[in-house]
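Please follow this structure from its charged side chains to its backbone and its contacts. The paragraphs below take these topics in turn.

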Amino acid sequence: MKEGKETIDNLTKIGNSLCLYQNYHEYMKQYENVQLIMIDVEKFKQINDSFGHNIGDLYLKVTAKLLTKNFPNSLVARIHGDEFIVLTNYSEQEIEERFFVIEKEIQELVKIEKIPAIFRINAGSTLFDANNIELTKEKADLMMYIAKSNGVFYQSFSEVDWKAKEKEKNFLKQFDYLLKAKGLSYEKRQLFTLNKTPQNLYQIHTRNQEGAAFLSCCYDDFLRKNKRQYPLDVYNLEYLKTYFVSNYQNYIIDIDYLSLLKNKEIMNLLSDYAKEIDGKRIIISVKLYPETDREEVFLLIKKINELKELGFPIKIDRFNSYIEDAIWLNAPVEYIGFDEQFFKTSMQDPKIQYFFQKKLDMIKNYPYQSITPILSHIDTEEEFEYINKNFDQDILVTGNYYAKSRKLN
């Protein structure tokens, strides 16, 4: 193996990325079916914050020693930070067995007080392709991320997961193109009472050029994680304002709660709405997520009060946890949209149904303001019969069972 000062990592004394790139050709000549493994130290920043950088460095040195010990006759390199790469001829099963041993050895190091606390490493592997090293690293890195997400220390390559990732990348590419080309479309879905009486109230849905839903529940979260939700909220507000000015119906428009909290542009746009449109016709639906923390809840209550001062009615969307309780009990909201999965689960689970009914009763009997619950995605006869049997007429509903979406012109 070619070695020199420039190919050695100063901290761990193993090879660095240059070492890997200089030696993989020779390694490939010796072995077939070589696997590339991407490795990182789980929650490494928290280790540095909790124990200090000296202990963080110690954990990196320990990781390097454990990798070189358990993967003999392999290329082991520290790439940067807490990331390592191993190029090895071991099979996927052997790799998994060796990471199991590493986990046990880390526990033993804590017992003999060589390190202050247990830490975990995450790893993902795929077959090494010398003709496309970057793609190989990307595949192994995805498997490492999946291992971390699933709470395990190792994940071998999965074609299903890789195709799902490719689908997500293509979705983002299409999304960015439509946003840049101003090619998004919109549909409106009317709300009804349980006895099918139509209301002068429409939910706006963002669509792609073919009219397919862009914002299903799974993609909402995906867009947020990929920092696309805020530009979408801005785009929607800018595009829809002209339509709202010339159409005298009442509309619900979704805005992510983080867009409200962290971006002044959103509030500036809504201030313009209040000046140019009767604010009471535009209902701001604040989309919430389970990971909303306590500090954000208090900031959001303040922001909702600012929107109320501008004249907007407020809907809290995805109502299913204590977070929403904290908001509607402390801020003046007119509508509460129940999480689709929460509603559908209640059809199968009596405990969830009882909890659901208690929530509705609590909202209905709240003495300080009138709040209307909204159930979305009522798409089947079974769901229609369920809500008619179990809920009263004060609820508003929308979905394919009542009316198909209509293109917004």
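In this predicted model, the count of salt bridges comes to 18, where a pair is accepted if a side-chain nitrogen of Lys or Arg is within 4 Å of a carboxyl oxygen of Asp or Glu. Side chains of opposite charge can pair when their charged atoms come close. Several of these pairs can be followed one by one.

A convenient place to begin is helix α6, which spans residues 159-180 and holds both lysine 169 and glutamate 166. These two residues are three positions apart, about one turn of the helix, and their side chains meet in a salt bridge with an N to O distance of 3.4 Å. Lysine 169 has a relative accessible area of 37% and is therefore partly exposed, while glutamate 166, at 27%, also counts as partly exposed. The pair does not stand by itself, since Glu138 joins Glu166 and Lys169 in a network of salt bridges.

Other salt bridges link separate elements. The side chains of glutamate 276 and lysine 241 meet at 3.4 Å, N to O. Because glutamate 276 belongs to helix α10 (residues 264-276) and lysine 241 to helix α8 (residues 229-246), this pair ties together parts that are 35 residues apart in sequence. Glutamate 276 is partly exposed, with a relative accessible area of 47%.

A further salt bridge is formed by the side chains of lysine 364 and aspartate 394, with 3.8 Å between N and O. Lysine 364 lies in helix α14 (residues 350-364), whereas aspartate 394 sits in the loop between α15 (381-390) and β14 (396-397), so this salt bridge ties together parts that are 30 residues apart in sequence. Both ends are partly exposed: lysine 364 has a relative accessible area of 47%, and aspartate 394 has one of 46%.

Helix α14 also holds glutamine 357, which counts as partly exposed at 26% relative accessibility. Which residues does glutamine 357 contact, leaving aside its neighbours within four places in sequence? They are Asn390 and Phe391. For phenylalanine 391, the separation from glutamine 357 is 34 residues along the sequence, yet 7.9 Å in space, taken from C-alpha to C-alpha.

Some charged residues gather on the surface in another way. Lys13, Lys61, Lys65 and Lys114 form a patch of positive charge there, and a residue enters such a patch only if it has over 30% relative accessible area and no salt bridge. One of the four, lysine 65, is placed in helix α3 (residues 53-70). Is lysine 65 buried or exposed? Its relative accessibility is 62%, and because the limit for exposed residues is over 50%, lysine 65 counts as exposed.

The backbone deserves attention as well. Most residues other than glycine have a negative phi, and most peptide bonds are trans. Against that background, glutamate 113 has a positive phi of about 65° although it is not a glycine. Glutamate 113 is found in the loop between α4 (92-111) and β5 (121-127), and at 70% relative accessibility it counts as exposed. Lysine 227 likewise has a positive phi, near 55°, and is a residue other than glycine. The place of lysine 227 is the loop between α7 (217-225) and α8, and its relative accessibility of 73% makes it exposed.

Two further residues can be located by their contacts and by their distance from other parts of the chain. Leucine 269 is in helix α10, the helix that also contains glutamate 276, and with a relative accessible area of 11% leucine 269 is buried. Residues up to four places away in sequence aside, leucine 269 touches Val234, Leu237 and Glu238. From threonine 63, by contrast, leucine 269 is separated by 206 residues in sequence and by 51 Å in space, C-alpha to C-alpha.

Isoleucine 79 belongs to strand β3 (residues 75-80). Its contacts, not counting residues up to four places away in sequence, are with Ser17, Phe84 and Ile85. Tyrosine 251 lies 172 residues from isoleucine 79 in sequence, and the C-alpha to C-alpha distance between the two is 52 Å.

Technical notes
Residues are numbered from 1 along each chain as its sequence is written. This is a predicted model: local features need pLDDT of at least 70, side-chain atom pairs count only at pLDDT 80 or more; totals for chains, interfaces and linings use all residues. Side-chain values use heavy atoms; hydrogens and water are left out. Patches are made of residues with over 30% relative accessible area and no salt bridge: like charges are joined within 9 Å, nonpolar side chains (Val, Leu, Ile, Met, Phe, Trp, Tyr) within 5 Å. Accessible areas come from the Shrake-Rupley method with a 1.4 Å probe; for residues, only the protein chains shown count as cover. Lys and Arg count as positive and Asp and Glu as negative; His and the chain ends are not counted. The place of a charge is taken as NZ of Lys, CZ of Arg, CG of Asp or CD of Glu. Buried means under 20% relative accessible area, exposed over 50%, partly exposed in between (1.4 Å probe, protein chains only). Contact means heavy atoms within 4.5 Å.
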